[in-house]
Amino acid sequence: MDWHNDFAPLQLASNDVLPQLAIAPLNSWAAITMVGEDKKSYLQGQVTCDVVKLEPHLSTFGAHCDAKGKVWSVFRLFHHNGGYAMFQPSAVIEKELAEIKKYAVFSKVDIKQADEIALGVMGEKATELVDTLSTLSGDVRPIDGGTAVKIDHQRWLLLVTQEAAQHIVASSQADKVDETLWTLLDIQAGLPILTAEQQNEHIPQALNVQALAGISFTKGCYTGQETVARAKYRGINKRALFIIKGEAQQEIAANAELERAVGENWRSAGQLLAHYRYSDNHALALVVLPNNLEEDTQLRLKDQTQSQWTFASLPYSLEDND
């Protein structure tokens with residue numbers, strides 16, 4: 001796919017304004033698709049979100065857990081090509097696909113990894129571009145070659161065939177950037193990005209899935225439900241996903257280890273789920289931490305001990321109001 005070579009990292013300082021319109025191939029993301037007569041009932045019994053109530057023009061977050069409530073995958077679910085698509089980091093797909101298919105032999109459902117291209121459309125003119133691809137007005141829209149899904153006011157996901165992707169890129173006046181800009185916007189939005197290293201480590205609430213309306217507590221049984229319910233009604237969850245900000249004088253390694261100050265000592269706090277380093281060495285990251293840490297807790301990267309990191313504000317509340 002030579003056309004992928006047209007995309008380059010955006011050199012962005014922490015105080016720079018984002019492009020009005022940018023497009024990127026989301027190479028580290030993929031989708032699991034599900035079609036067949038029993039697709040809705042099968043998926044309803046597997047995941048935390050309410051599949052039955054998902055309208056065709058909307059998307060939802062959700063998680064798929066093991067029997068103990070530990071998360072195999074956090075995904076965005078939407079209607080796609082007569083079935084469903086579960087959009088998630090490609091690094092978790094292999095294990096997740098095996099787990100989500102485990103009981104499919106008993107149902108009329110076909111589950112596989114999609115071979116389509118994921119494009120991220122970003123910027124204040126993102127919706128204008130999508131409007132040229134569809135006459136519909138919903139947050140999920142069928143388009144030629146696939147589906148357009150609204151992420152927020154400045155972002156759309158396009159899950160389309162390679163031919164459609166090439167046409168959209170060629171006909172667009174958008175800046176062609178790589179997917180690190182999409183990662184930055186995910187971090188700023190506090191959206192969980194699960195890594196293969198942290199599969200089967202956290203319950204959904206530790207990844208803020210409930211705060212993103214990705215857990216239904218009224219839908220009935222699904223795999224891992226007992227643990228997820230106890231975390232809500234008995235308060236057993238002690239962790240949450242946080243945005244942190246700091247400085248990094250050198251590149252940040254994937255799965256970098258974070259430490260927190262305990263008195264005069266430093267203790268391991270967890271591995272970063274995702275990070276973005278600006279050209280002026282400021283940085284943002286996502287990490288799962290104990291949810292009772294003080295806001296002024298000192299943080300640092302284990303392999304950059306001179307770095308200083310602090311908590312940044314989440315754009316949503318972690319308070320349980322229902």
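The following dialogue explains how several terms apply to this predicted model.

Visitor: What makes Arg155 buried rather than exposed?

Guide: Buried means under 20% relative accessible area. Arg155 has a relative accessible area of 0%, and is therefore called buried.

Visitor: How do you know that Asp186 and Arg155 meet in a salt bridge?

Guide: The rule asks for a side-chain nitrogen of Lys or Arg within 4 Å of a carboxyl oxygen of Asp or Glu. Between the side chains of Asp186 and Arg155 the N to O distance is 2.9 Å, so the pair satisfies the rule. This pair links distant parts of the chain, for Asp186 belongs to helix 5 and Arg155 to strand 10 (residues 155-160), 31 residues apart. Both Asp186 and Arg155 are buried.

Visitor: Which residues are linked with Arg155 in a network of salt bridges?

Guide: The network links Asp152, Arg155 and Asp186. In addition to the bridge with Asp186, Arg155 forms a salt bridge with Asp152, where the closest N and O atoms are 3.4 Å apart. That distance is within 4 Å, so this pair also counts.

Visitor: Why is Asp152 called partly exposed?

Guide: The term covers values between the buried limit of 20% and the exposed limit of 50%. Asp152 has a relative accessible area of 21%, and so is partly exposed.

Visitor: Why is helix 5 described as largely enclosed by the rest of the structure?

Guide: Helix 5 is so described because 8 of its 10 residues are buried. The buried residues are Leu181, Trp182, Thr183, Leu184, Leu185, Asp186, Ile187 and Ala189. Just after helix 5, Gly190 takes a positive phi of about 70°.

Visitor: How many cavities of 30 Å³ or more does the structure hold, and what makes a space a cavity?

Guide: The structure holds 1 such cavity. A space is called a cavity where a 1.4 Å probe fits but cannot get out. About 120 Å³ of space lies in the largest cavity.

Visitor: Which residues line the largest cavity?

Guide: The lining consists of Trp29, Phe61, Val74, Phe75, Arg76, Phe87, Ile151, Arg155, Trp182, Asp186, Leu191 and Pro192. Two elements, strand 4 (71-80) and helix 5 (180-189), give two or more residues to this lining. Strand 4 gives the most, with 3 residues.

Visitor: How do the residues of this lining divide into nonpolar, polar and charged?

Guide: There are 9 nonpolar, no polar and 3 charged residues. Asp and Arg count as charged, and the lining includes Arg76, Arg155 and Asp186.

Visitor: How do you know that Lys108 forms a salt bridge with Glu37?

Guide: The closest N and O atoms of Lys108 and Glu37 are 3.8 Å apart, and the limit is 4 Å, so the pair counts. Lys108 stands in the loop between helix 2 and strand 6, and Glu37 in the loop between strand 2 (29-35) and helix 1 (39-44), 71 residues apart. By the same rule the count comes to 7 salt bridges.

Visitor: What makes Lys108 and Glu37 buried or exposed?

Guide: Exposed means over 50% relative accessible area. Lys108 has 53% and Glu37 has 63%, so each is called exposed.

Visitor: Which residues make the nonpolar surface patch of about 400 Å²?

Guide: The patch is made by Tyr103, Val105 and Phe106. Phe106 lies in the loop between helix 2 (93-100) and strand 6 (110-113). With a relative accessible area of 70%, Phe106 is over the 50% limit and is therefore exposed.

Visitor: What makes the phi of Asn200 worth a remark?

Guide: Most residues other than glycine have a negative phi. Asn200 is not a glycine, yet has a positive phi of about 65°. Asn200 is found in the loop between helix 5 and helix 6 (225-233). Its relative accessible area of 27% lies between 20% and 50%, so Asn200 is partly exposed.

Visitor: What is the phi of Asn255, and where is its place?

Guide: Asn255 has a positive phi of about 60° although it is not a glycine. Its place is in the loop between strand 12 (239-247) and strand 13 (257-262). At 22% relative accessibility, Asn255 is above the buried limit of 20% and therefore counts as partly exposed.

How values were computed: Residues are numbered from 1 along each chain as its sequence is written. This is a predicted model: local features need pLDDT of at least 70, side-chain atom pairs count only at pLDDT 80 or more; totals for chains, interfaces and linings use all residues. Side-chain values use heavy atoms; hydrogens and water are left out. On a 1 Å grid over the protein atoms alone, a cavity is a set of points where a 1.4 Å probe fits but cannot get out, and a pocket is an open set with protein on both sides within 12 Å along at least five of seven lines; lining residues have an atom within 4 Å of a point. Grid points are joined across faces, edges and corners, and a volume is the space filled by probe spheres set on the points. Helices (H or I, at least four residues) and strands (E, at least two) are DSSP runs, numbered from the N terminus. Buried means under 20% relative accessible area, exposed over 50%, partly exposed in between (1.4 Å probe, protein chains only). Patches are made of residues with over 30% relative accessible area and no salt bridge: like charges are joined within 9 Å, nonpolar side chains (Val, Leu, Ile, Met, Phe, Trp, Tyr) within 5 Å. Accessible areas come from the Shrake-Rupley method with a 1.4 Å probe; for residues, only the protein chains shown count as cover.
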